[in-house]
Amino acid sequence: MNFELTEEQLLVQDTAKRFAAEDIAPTLQEEERNHEFRIDRVARMGELGFFSCVVAEKLGGNGMGFMESVLIAEQIAKVSASWRLPFNMQNLGPALTVEKFGTEEQKRKYIPGWIDGTKLGFFAMTEPNTGSDVASMRTVAKDAGDHWEINGSKIWISNAHVGDAGLLYAYTDREKKHKGISAFIIEPKTLKGCTARAIETKLGLHCAPTGEFFFEGARIPKDAILGEPGDGFKICMWQLNNTRLGCAAGALGVAGGALDLAINYANERVQFGKRISEHQMIQSQIAEMAVEHQAAQLLVYRAAWLKDQGKPNQYETSMAKFAASEAAVHAANECMKIFGSYGFSTEYPAERFYRDAKSLQVVEGTSNVQKLIISGMALGHTPNR
Ligand SMILES: Cc1cc2nc3c(=O)[nH]c(=O)nc-3n(C[C@H](O)[C@H](O)[C@H](O)COP(=O)(O)OP(=O)(O)OC[C@H]3O[C@@H](n4cnc5c(N)ncnc54)[C@H](O)[C@@H]3O)c2cc1C
């Protein structure tokens, strides 16, 4: 067992760290205030190869892997949780899923634009009455002879109103329950009968767009289906097991960012004649944050390593996502406490870490859903795949 990163991985990590410090951090405060999403920054991240780690080289991938993807997303999220979202939208979500299940034509048509960051991706499962229970979705794709006709709506979809092409999950045969769900690739900006609008009421992730889709008789071509009719649930679960790792990496970054922030502040702030880091209760808080951060890091890196080895990893990926998102929320909460009143001020990043961290307990399967997956496998009820 080797806990050292390779020279190449250290270089990748350093590139992402510098990008976050030089490209994101200087303007982040203002962009957060204005809820500003920067398409040019997604393209720049694409240029740097940030989204090309897991896709095959023949499709434009850079020959790295999940571990490198995780290292990059972690460094970005240490500065901004909003800016880790493109890792799921551009590569771990649509690109990787189309690489696995798509036709050669679909791969050639969509993957290059997703991974070079010039076409914004998305994946749409969630509906107003459908979250954790994916099979309860109501959106329908009717076989209308020479096309599919889509009716329904999706909510809480990252990139919905800015997305160029992405994945839509809908029922093609309700009778078959979850085996009647299918996956499609849609291009919403040019799709008649499809409208999208932004959700403006989010607590955090202000630089990451989230929106809704409405489909009213939207016609998509027959060949827009991904895989076979009825493959959608299987595809969705496979996709979530990858985007879940992206979320875990983001959570790890937030936990680390909040820890660093708290350490710096505790070493500067003086109360009762000494730095607050010299008070035992602050030391206890820092120790808990540090342990949880390290534990999450080991779990996240292990899940990435297993994926790179092509070994079963659902169990480990869910553990990583659960541990990292809980660590992120706890670290951000402790960080705010250590900052005292300044933690409550929007002048300092502590409150942003907290607001952003809360989303990580929800997306890609809530913490309860992760516990269902973990316990199911721990108890031997379901196999690890
Ligand atoms: C910022 C953001 C971005 C998002 N991006 C996307 C996206 O790109 N694409 C997409 O499709 N969705 C996206 N989502 C939606 C997200 O994936 C769902 O919100 C999530 O799956 C939870 O669904 P829900 O909100 O309907 O909660 P529900 O499923 O209604 O759950 C409510 C509560 O009940 C608990 N619960 C539910 N079932 C069980 C059970 N069986 N046992 C125990 N507890 C249970 C949950 O843990 C939760 O605490 C996004 C959400 C946010 C906030």
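1. Start with N2, which sits in the segment before α1 of this predicted model. Is N2 buried or exposed? N2 is exposed, because 5 other C-beta atoms lie within 10 Å, and a residue counts as exposed at 12 or fewer. Try looking from N2 across to E347 as well: the two are 345 residues apart in sequence, and their C-alpha atoms are 41 Å apart in space.

2. Next, get your bearings with the domains. The chain is divided into domain 1 (7-115), domain 2 (123-232) and domain 3 (233-378). The centres of domain 1 and domain 2, taken over C-alpha atoms, are separated by 23 Å. Where these two meet, domain 1 brings 19 residues to the contact and domain 2 brings 16 residues.

3. Stay with the side of domain 1 that touches domain 2. Helices α1 (7-34), α4 (85-92), α5 (94-101) and α6 (104-115) each supply at least two of its residues. Which helix gives the largest share? That is α5, with four residues. Sorted by class, this side has nine nonpolar, seven polar and three charged residues.

4. Now find helix α7, which runs over residues 232-268. Here is a nice check to follow: at 1.5 Å a residue, its 37 residues should span 54 Å, and the end C-alpha atoms are 53 Å apart, which agrees. The expected span is 1.5 Å times one less than the number of residues, so the count to multiply is not 37 itself. The helix is mostly covered, with 29 of its 37 residues buried.

5. The largest nonpolar core contains 119 residues, and F184, V300 and A324 have the most contacts inside it. Helix α7 gives the most to this core, 18 residues. To see one of those well-connected residues up close, pick F184: leaving out residues up to four places away in sequence, F184 touches A141, W148, L168, A170, I220, A224, I225 and L226.

6. Where does the ligand lie? Domain 2 and domain 3 both give residues to the shell around the ligand, so the ligand lies between them. The ligand is surrounded by 19 residues, of which T126, G131, S132, T366 and N368 are the closest. Strands β1 (123-124) and β3 (147-158), together with helix α11 (367-378), each supply at least two residues of this shell. By class, the shell has 11 nonpolar and eight polar residues, and no charged ones.

7. Strand β3 is also home to S153. S153 is partly exposed, because 17 other C-beta atoms lie within 10 Å, and 20 or more would be needed for a residue to count as buried. Apart from neighbours within four places in sequence, S153 is in contact with E127, P128, T139, E212, F213, F214 and F215. The C-alpha atom of S153 is also 9.4 Å from that of M137, a residue 16 places away along the chain.

8. Finally, take a look at two backbone angles. H35, in the loop between α1 and α2 (39-47), has a positive phi of about 50 degrees although H35 is not a glycine. N159, in the loop between β3 and β4 (166-171), also has a positive phi, near 75 degrees, and is a residue other than glycine. As for their surroundings, H35 counts as partly exposed because it has 15 C-beta neighbours inside 10 Å, while N159 has 28 and so counts as buried.

Conventions: Residues are numbered from 1 along each chain as its sequence is written. This is a predicted model: local features need pLDDT of at least 70, side-chain atom pairs count only at pLDDT 80 or more; totals for chains, interfaces and linings use all residues. Domain bounds come from an automatic or database domain assignment. Two residues are in contact if their C-beta atoms, placed from the backbone, lie within 7 Å. Ala, Val, Leu, Ile, Met, Phe, Trp, Tyr, Cys and Pro count as nonpolar, Asp, Glu, Lys and Arg as charged, and the others, Gly among them, as polar. A nonpolar core is a set of buried Ala, Val, Leu, Ile, Met, Phe, Trp, Tyr and Cys residues joined through C-beta atoms within 7 Å. A residue is near a molecule or strand if its C-beta atom, placed from the backbone, lies within 6 Å of it.
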